[in-house]
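The following exercises practise the reading of a protein model, one step at a time. Please attempt each task before turning to its solution.

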Amino acid sequence: MNQEIQNYNDSQSAEDKKICDLLSSEINAFLNEAESKIWHRHPVWFLDGNPVVGYSKLKDSVRLLFWSGQTFEESGLQNEGSFKAAEARYTNAEQINVDDLKRWLDKARTIQWDYKNIVKRKGVLIRLK
């Protein structure tokens, strides 16, 4: 695992660390071709330089975010923001359905919007896959 991400996980409370460790383990295993790093202070995984999934500690939960998640058409994900992102929030590790997570990760690999070039395109998103 990326040491910066492990340090991020280790800095969380005991329950949040369980959530973060489970998420990072599953994401690393399923998207083994992805580059992972701390980006804007949170763990994020990239495919060909494009952010696809990450998580962050919020005040009351850990948020799992898929940059192109609104296009996944998954009832377990809630729309986030004005672009194409969608999220799931967890307060304990038992809430994570690993089968759902793997399905979402598969969609993150195959359904992507070009966030890498969003600034260049002045906020316009173009579908890559």
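A salt bridge is counted where a side-chain nitrogen of Lys or Arg lies within 4 Å of a carboxyl oxygen of Asp or Glu. The model shown is a predicted one, and a search of the whole structure finds 12 salt bridges.

**Exercise 1. Helix length**

Task: Determine what span helix 2 should have, and compare it with the distance between its end C-alpha atoms.

Solution.
- Step 1. Helix 2 comprises residues 14-30, that is, 17 residues.
- Step 2. The expected span is 1.5 Å times one less than the number of residues, which gives 24 Å for helix 2.
- Step 3. The end C-alpha atoms of helix 2 are 24 Å apart, in agreement with the expected span.
- Step 4. Helix 3 can be treated likewise: its 13 residues reach 18 Å from the first C-alpha to the last, close to the expected 18 Å.

**Exercise 2. The two sides of helix 2**

Task: State which residues of helix 2 are buried, and where they lie around the axis.

Solution.
- Step 1. A residue counts as buried under 20% relative accessible area and as exposed over 50%.
- Step 2. By this criterion Asp16, Ile19, Cys20, Leu23, Ser24, Glu26 and Ile27 of helix 2 are buried.
- Step 3. These residues cover an arc of only 170° around the axis, and therefore lie on the same side of helix 2.
- Step 4. Ala14 and Ala29, on the other side of helix 2, are exposed.
- Step 5. The buried residues of helix 2 pack against helix 1, strand 2, strand 3, strand 4, strand 6 and helix 3.
- Step 6. Asp16 serves as an example: Asp16 is found in helix 2 and counts as buried at 9% relative accessibility. Leaving aside residues up to four places away in sequence, Asp16 touches Lys57 and Val62.

**Exercise 3. The buried face of helix 3**

Task: Explain why the buried residues of helix 3 are said to line one face of the helix.

Solution.
- Step 1. The buried residues of helix 3 are Leu101, Trp104, Leu105 and Ala108.
- Step 2. Viewed down the axis of helix 3, these residues fall within an arc of 105°, so they line one face.
- Step 3. The partners against which they pack are helix 2, strand 2, strand 3, strand 4 and strand 6.
- Step 4. At the start of helix 3, a side-chain oxygen of Asn97 comes to within 3.0 Å of the backbone nitrogen of Asp99.

**Exercise 4. Salt bridges between separate parts of the chain**

Task: For the salt bridges of Arg109 and Arg103, identify the partner of each and the parts of the chain that are tied together.

Solution.
- Step 1. Side chains of opposite charge can pair when their charged atoms come close.
- Step 2. The partner of Arg109 is Glu33, with the closest N and O atoms 2.7 Å apart. Arg109 belongs to helix 3 and Glu33 to the loop between helix 2 and strand 1, so this pair ties together parts 76 residues apart in sequence.
- Step 3. Arg109 is partly exposed, with a relative accessible area of 23%, and Glu33 is partly exposed at 43%.
- Step 4. Arg103 meets Glu74 in a salt bridge of 2.9 Å, N to O. Arg103 lies in helix 3 and Glu74 in the loop between strand 4 and strand 5, so parts 29 residues apart in sequence are tied together.
- Step 5. Arg103 is partly exposed, with a relative accessible area of 36%, whereas Glu74 counts as buried at 14%.

**Exercise 5. Strand 6 and its neighbours**

Task: Describe how strand 6 pairs with strand 4 and strand 5, and locate the salt bridge of Glu87.

Solution.
- Step 1. Strand 4 and strand 6 pair in the antiparallel sense over five bridges; here Arg63 stands opposite Arg89 in strand 6.
- Step 2. Strand 5 and strand 6 also pair in the antiparallel sense, over two bridges, and Gln78 has Glu87 in strand 6 as its bridge partner.
- Step 3. The hairpin of strand 5 and strand 6 has six residues between the strands, and in it Gly81 takes a positive phi near 80°.
- Step 4. Strand 6 is mostly covered, since four of its five residues are buried.
- Step 5. Glu87 forms a salt bridge with Arg63, the closest N and O atoms being 3.5 Å apart. The pair links strand 6, which holds Glu87, to strand 4, which holds Arg63, 24 residues apart.
- Step 6. Both ends of this bridge are buried: Glu87 has 7% relative accessibility and Arg63 has 17%.
- Step 7. Arg63 and Glu87 are linked with Glu80 and Arg89 in a network of salt bridges.

Conventions
Residues are numbered from 1 along each chain as its sequence is written. This is a predicted model: local features need pLDDT of at least 70, side-chain atom pairs count only at pLDDT 80 or more; totals for chains, interfaces and linings use all residues. Side-chain values use heavy atoms; hydrogens and water are left out. Buried means under 20% relative accessible area, exposed over 50%, partly exposed in between (1.4 Å probe, protein chains only). The arc is that of the directions from the helix axis to the C-beta atoms. Contact means heavy atoms within 4.5 Å. A polar contact is a pair of N or O atoms within 3.5 Å; within protein, one must be able to donate a hydrogen and the other to accept it, and residues adjacent in sequence count only if both atoms are side-chain atoms. Two strands pair if DSSP finds at least two bridges between them.
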